[in-house]
Amino acid sequence: MGPAKEQSKFNAELQPAVYIKKIDKRTEIEGKELPVNAVDSSMGKQGCSLCFTPRPIIANESAMKTNSDIPPQKLTGNNLLRLVLILATAIAIIFLWARSNGLSELRSIAAERLVLYKGTLNSALEKYRYLPYFLSRDETVVQMLSGRSGKGVVNTLLETANKKAGSAQIFIMDKNGETVCASNWNTSTTFVGQNYGFRPYFKDAMAGGEGGFYAIGATTGTPGYFMSHPVYDFQKAAGAAPIGVVVVKVDLSGLERHWMEGGEIVFVSDANGVIFLSGNPGWKYKSLLPLSAEILKNIRQRKQYKGINLTPLPLERGSAGQDNWIRIGTEKFFLGSLFLESFNWQLNYLIPWNRLEKQVNFALYISSAAGVLLILSILFAQERRLKKLSQQKAMEAEKIGRINRKLKREVEERRRTETHLRQTQEELVQSAKLAALGQMAAAIVHELNQPISAIRTYAASCRLMAGQGKTEDLTATLMSISDITKSMEGITRQLKDFSRKSPLDMRPVNVEAPVARAVDLMRYAIDEAGCSLSIRKPEVPLSVMGDRLRLEQVFVNLIKNSLDAMAGQENKIISVRFREEDDTVCIHFRDSGPGIEPDLKDKIFTPFFTTKAKGDGLGLGLSISAGIVKEMSGRLALEEARGPGASFSIRLRKETLKDTP
Ligand SMILES: Nc1ncnc2c1ncn2[C@@H]1O[C@H](COP(=O)(O)OP(=O)(O)OP(=O)(O)O)[C@@H](O)[C@H]1O
Ligand SMILES: [Mg+2]
């Protein structure tokens, strides 16, 4: 709400109280506008400038509207919804951010762990890599395979070497794949006599290379990694075929145990996707993909996983482009893989997906909590603001209450003053009345005394004349008495005019008409006094609203006064001018007499004030005339003299000349 509206509302609440900007210095309290119930239009006359009655200014002061009433932005349903939407969007962004952040963290953890596990796997195998080579170069081994020496020495050598190196088994095959010597030569599950010619490691070594192959032992049934090296007869020419193969079997179960104990999920799958090393025994010898009949046949031929029914793991993978996840059974994991080129294996590292979920959920909890906290703090802040506002309002109401109470006291005081002033005024009026009455009585007594004594004298004369029978003289004297009573009647009529009001006959009057008529009525006296008239016609006919006869009376009075004032001087001029002023017509009446003394200016309109000799005037002419003009809503005033003589103005409401008589 704008300040203007606010103000109007404020005003409306105070209705019907009237606003006054400033009453006087005492009522202007702290520069505020004060409500009052009524403004006495009669003020001003007697100095009692204002009368107002207090009322219960504001029924509920705290309900008063002030500037601080501009309501604070409330957390409305819509605003709340908007805020919740913003928060929900923020939370969604945080969710996505936390997820992608969590995923990249998982990715880097997996990459790091895979490198680590690759290292441990490599070192677990590579530490035996020298052994087949070393044994293939051994003199006794070569001699034995060449048939130049016995197997006993070699068996002992292999047994000792196996113990020292910590490998699972060491054995030597002849060029047909038959095991001729083995570290377990003296056990019930000895490899000696077994033919492993079907194993790839034998074939690879016989082809001149180094072999490596993970398989379940065909004799022992224990799995291991077989690494082989060809044995050459040094006595034969270079390029001759190997005469046998040295094989070292490495047990990797310790590694698996280590993984299991570490609580981490690591597994290794071969080129066909068959898991052969795993910290989780349940996944071992399960394939990551369904195995085709050809692959299964190939595996069977090499007896790689002898006695094992290879079945696929119940798994589901995130499709391409999606996050790298895998679901095994009911558990979902992040999958990190590393291809081990030298073995043609895949090293896999799994991280439970719920770790990511935990992270994301944590971020969500934190952001939701922050959001809720934000909403709560907004509500709290708003609550505080409202509280502060209501405190402010209460303070303002209290302040206004104080002002009102003060105002009430002032009003009471003013009312008392007004009563007092009224009394004084009435007393003054009474005194003025009494004074006027005294003046009037004196004037009447004086006016009437003379004719009465004249009548008495005439009456005595009449008695004498009647006694003497002089009837002719008697008639003349009686005529004189009659004249005297007429003049007495004139005096009493004047008094009657003054005291009694007859209703005005208001109608449009051409201003020139009453002036002309008054001149006609006074023609004899004007001419006798030798006074000249200067009456200038207006440029356009001017009409006023008034009573024509009463206006004539006004001008007769003015002419009479002027003639009286100019009596005894040579140049006697009366001038009349008409002027149009906005919605009024002004008639300027001026004479060339002595004018009015400054100290008499305030008195000449007072009834019974006269400077004339007793019997020449009652002092009623101007006061009657001013009263007549005022009744017509006009004003008769003494003008500032611009030259010699007295100047009067009569202002009356202008009328159109239509219907003017
Ligand atoms: N034109 C004038 N020039 C000088 N004095 C004037 C003029 N008109 C009025 N006065 C003064 O004002 C006084 C009051 O005039 P007003 O007409 O009321 O009474 P009056 O003429 O004395 O008596 P009345 O009019 O009752 O016969 C006069 O006595 C006179 O002193
Ligand atoms: Mg007069």
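Which residue forms a salt bridge with D564? In this predicted model, the partner of D564 is K612, and the closest N and O atoms of the two are 2.7 Å apart. The pair ties together distant parts of the chain, for K612 lies in the loop between β20 (584-591) and α14 (621-631), whereas D564 belongs to helix α13 (residues 548-566), and 48 residues separate them. Both partners are partly exposed, K612 with a relative accessibility of 29% and D564 with one of 38%.

K612 also leads the reader to ligand 1, since an oxygen atom of the ligand is 2.5 Å from an N or O atom in the side chain of K612. Of the 19 residues around ligand 1, those that come nearest are N561, D591, T610, T611 and K612. The backbone takes part as well: a backbone N or O atom of G619 lies 2.9 Å from an oxygen atom of ligand 1, and a polar backbone atom of G621 is 3.2 Å from an oxygen atom of the ligand. On its own, ligand 1 has 590 Å² of accessible area, of which the protein covers 94%. The space that ligand 1 takes is the largest pocket. Helices α13 and α14 each supply at least two residues of the shell around the ligand, and the largest share, three residues, comes from α13, the helix that also holds D564.

The pair of K612 and D564 can be set beside other charged pairs, for the structure holds 21 salt bridges. Side chains of opposite charge can pair when their charged atoms come close. One of these bridges joins R651 to E581, with the closest N and O atoms 3.0 Å apart. Here too distant parts of the chain are linked, R651 being in strand β22 (residues 647-655) and E581 in strand β19 (residues 573-581), 70 residues apart. R651 is partly exposed, its relative accessible area being 28%.

A salt bridge within a single helix is found at R523 and D527, whose side chains meet at 3.7 Å, N to O. Because these two residues are four apart in helix α12 (residues 523-529), about one helical turn separates R523 from D527. R523 is partly exposed, with a relative accessible area of 35%, and D527 is likewise partly exposed, at 46%. Elsewhere, the bridges go beyond a simple pair, as E398, R402 and R405 are linked in a network of salt bridges.

Terms used. Residues numbered from 1 in each chain as written. Chains lettered and ligands numbered in written order. Predicted model: local features only at pLDDT ≥ 70, side-chain atom pairs only at ≥ 80, totals over all residues. Heavy atoms only, no water. Salt bridge = Lys/Arg side-chain N within 4 Å of Asp/Glu carboxyl O. Buried < 20%, exposed > 50% of the residue type's maximum accessible area, 1.4 Å probe, protein only. Near = heavy atom within 4 Å. Polar contact = N/O pair within 3.5 Å; in protein donor to acceptor, adjacent residues only side chain to side chain. Areas by Shrake-Rupley, 256 points an atom, 1.4 Å probe, with all protein chains shown as cover. 1 Å grid on protein atoms, 1.4 Å probe; cavity = no way out; pocket = protein on both sides within 12 Å on 5 of 7 lines; lining within 4 Å. Sits in = over half its atoms within 2 Å of the grid points.
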